Every structure is written in C-alpha cells, then in structure tokens.
Amino acid sequence: MGLFSNLFGGGAKKGEIDDPKAQALKQFFKEKLPANYVNSPKYAISITQGSEGYQARINLDMASDGSDYTGFGKDDFANLADLESGYVFDEFVKAPPVTVTVIFDMDFGPRNKITVNRGRALGV
C-alpha cells in the first residue's frame, strides 16, 4: 500500500479485512438489501473478523424512502430502529455466503443514530 493507494481509496479501512469472504459478504448485502438503503449516499458497510468470525456493520439511511421523522422522540427512534432492523434482518439477510454477525446503524438524521446488534446469520 503506497501513498497513492491511501490517497485515492485503495485498500481496506483500518480494522476492516479485505479477503474473498469479506468481499462476498459486501456483495451479498449490496444485492439483498432494499435498493433505497444501498443507493443512499449514507449507506456504508464495514466487514471485520474477530474470534467469533465475521462481523458486518451496516449504516442504513432511514430517510432514504422519503420518511420524515419530525416530532419523533428518543423512545420512538429506539422502537422504530428495533422494528425496522428486525424486519430487514429477517427478510433480507438469509443465507449469506459465510456466517456473520450483523450490526445495523439506523441513521434517522442528525444526532439520531441507533445501533442495533441483530445477531448471527448462518452462512451457506
């Protein structure tokens, strides 16, 4: 990794791994998650590996479908994050290429990001 690769986005982010299984996971999520999330400029995914295997941390833009959260309180955001992350996990994270723990950062806008650990999805 040279100076130019660091300047122009080459390689993985700090702590992120860059192996074929991690790349397969990134592609899996890109193909399986709803298009409004994946096509949002706020969409981000980081794949790391630890003692428990692979972990995917995914930032989802909750306003990407046009939703407006004006007037929501902290409890509303927490409840909606739990509900929506459960739906996304159960409906779209089926049979990943490898077993992975999925963590969603549910981004409702400035100062309203809720992190939800949805658990492990078993690989095929």
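This passage describes the sheet of the predicted model, the helix lying across it and one aspartate in its third strand. Local features were taken only at pLDDT of at least 70 and side-chain atom pairs only at pLDDT 80 or more, whereas totals for chains, interfaces and linings use all residues. Residues are numbered from 1 along each chain as its sequence is written, and side-chain values use heavy atoms, with hydrogens and water left out.

An open sheet of mixed pairing is formed by four strands in the order β1-β2-β3-β4. Strands (E, at least two residues) and helices (H or I, at least four) are DSSP runs numbered from the N terminus, and two strands pair if DSSP finds at least two bridges between them. Because β1 (44-50) and β4 (113-121) each have a single partner strand, they stand at the edges, and one side of each is left without a neighbour in the sheet. From one strand to the next, the twist averages 20°; axes are lines fitted to C-alpha atoms, for helices over the stretch in contact, and angles run from 0 to 180 degrees between N-to-C directions.

Strand β3 (residues 100-107) is joined to β4 by eight bridges in the antiparallel sense. Valine 100 has alanine 121 of β4 as its bridge partner. Helix α4 (residues 74-92) lies across β2 (53-61), β3 and β4, at about 30° to β4.

Aspartate 105 belongs to strand β3. Aspartate 105 is buried, with a relative accessible area of 9% (buried means under 20%, exposed over 50%, partly exposed in between; 1.4 Å probe, protein chains only). Not counting residues up to four places away in sequence, aspartate 105 touches Arg57, Ile58, Asn59, Leu60, Lys113, Ile114 and Thr115, contact meaning heavy atoms within 4.5 Å.
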